[in-house]
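Welcome! Let us take a short walk through this structure together, going from its strands to its helices and the core between them.

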Amino acid sequence: MELMDLPRASKSEIGFVRSLHRKSERDKSRMFLVEGIKLCNELLYSSLEIVFFIVDVNSGDQVYHFATKAVEKFQKVLVCESSKFVSLCDAATPQGVIAV
């Protein structure tokens with residue numbers, strides 16, 4: 001599997017992720033964002049429902065291995081261009097993966 005083979009995040013999915021930066025939207029949808037490899041990996045093995053993961057298409061091996069594990073666990077994994085991915089993150093240095 002290559003990251004480029006995964007489906008691309010749609011405009012509506014990207015817009016939804018951006019909306020979750022507002023507390024009112026998180027409260028309304030009862031969803032939240034998780035950023036970073038470590039936290040997303042913990043989420044992958046938790047009992048919480050995951051809507052989807054978005055990974056930066058230009059990320060390194062660590063994100064590739066995470067995406068492979070997520071796909072093996074039948075999770076929806078989408079890819080996003082780096083320029084758009086940065087706008088989805090709160091972190092100063094994004095790690096290449098976000099979960100909703």
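A good place to begin is Val34, which stands opposite Ala99 in β4. This is a predicted model, and that pair belongs to a wider pattern. β1 and β4 pair in the antiparallel sense over two bridges. Altogether, four strands make an open sheet with mixed pairing, in the order β1-β4-β2-β3. β1 (34-35) and β3 are the edge strands, each pairing on one side only.

Next, the inside. The largest nonpolar core has 19 residues, and those touching the most other members are Cys40, Phe53, Val55, Phe66, Val77 and Val97. The elements in the table each supply at least two residues of this core.

| Element | Residues |
|---|---|
| α3 | 37-44 |
| β2 | 53-56 |
| α4 | 61-72 |
| β3 | 77-80 |
| β4 | 97-99 |

There is also a second, separate core of 14 residues, and among them are Leu33, Cys80, Phe85 and Ile98.

Which residues does Phe66 touch, not counting residues up to four places away in sequence? Its partners are Cys40, Asn41, Leu44, Phe53 and Val97.

Helix α4 deserves a closer look. Its twelve residues should span 16 Å at 1.5 Å a residue, and its end C-alpha atoms are indeed 16 Å apart, so expectation and model agree. The buried residues of α4 are Val63, Phe66, Ala67 and Ala70. They lie on the same side of α4, because they cover an arc of only 100 degrees around the axis. A general rule helps here: an α-helix has 3.6 residues a turn, so residues three or four places apart point the same way. The cover over the buried residues of α4 includes α3, β2, β3 and β4. On the face turned away from the buried side, α4 carries the exposed residues Asp61 and Glu72. After α4 comes Phe74, with a positive phi near 65 degrees.

Now turn to helix α1 (residues 11-19), where Glu13, Ile14, Val17 and Ser19 are buried. Among what covers these residues of α1 are α2 (23-29), β2, β3 and α5 (82-88).

Is Glu13 of that helix buried or exposed? Its relative accessible area is 14%, and buried means under 20%, so Glu13 counts as buried. The side chains of Glu13 and Lys76 are joined by a polar contact of 3.0 Å. Leaving aside residues up to four places away in sequence, Glu13 touches Arg8, Phe52, Lys76 and Leu78.

Conventions:
Residues are numbered from 1 along each chain as its sequence is written. This is a predicted model: local features need pLDDT of at least 70, side-chain atom pairs count only at pLDDT 80 or more; totals for chains, interfaces and linings use all residues. Side-chain values use heavy atoms; hydrogens and water are left out. A nonpolar core is a set of buried Ala, Val, Leu, Ile, Met, Phe, Trp, Tyr and Cys residues joined through side-chain atoms within 4.5 Å. Buried means under 20% relative accessible area, exposed over 50%, partly exposed in between (1.4 Å probe, protein chains only). Contact means heavy atoms within 4.5 Å. Two strands pair if DSSP finds at least two bridges between them. A polar contact is a pair of N or O atoms within 3.5 Å; within protein, one must be able to donate a hydrogen and the other to accept it, and residues adjacent in sequence count only if both atoms are side-chain atoms. The expected span of a helix is 1.5 Å times one less than its number of residues. The arc is that of the directions from the helix axis to the C-beta atoms.
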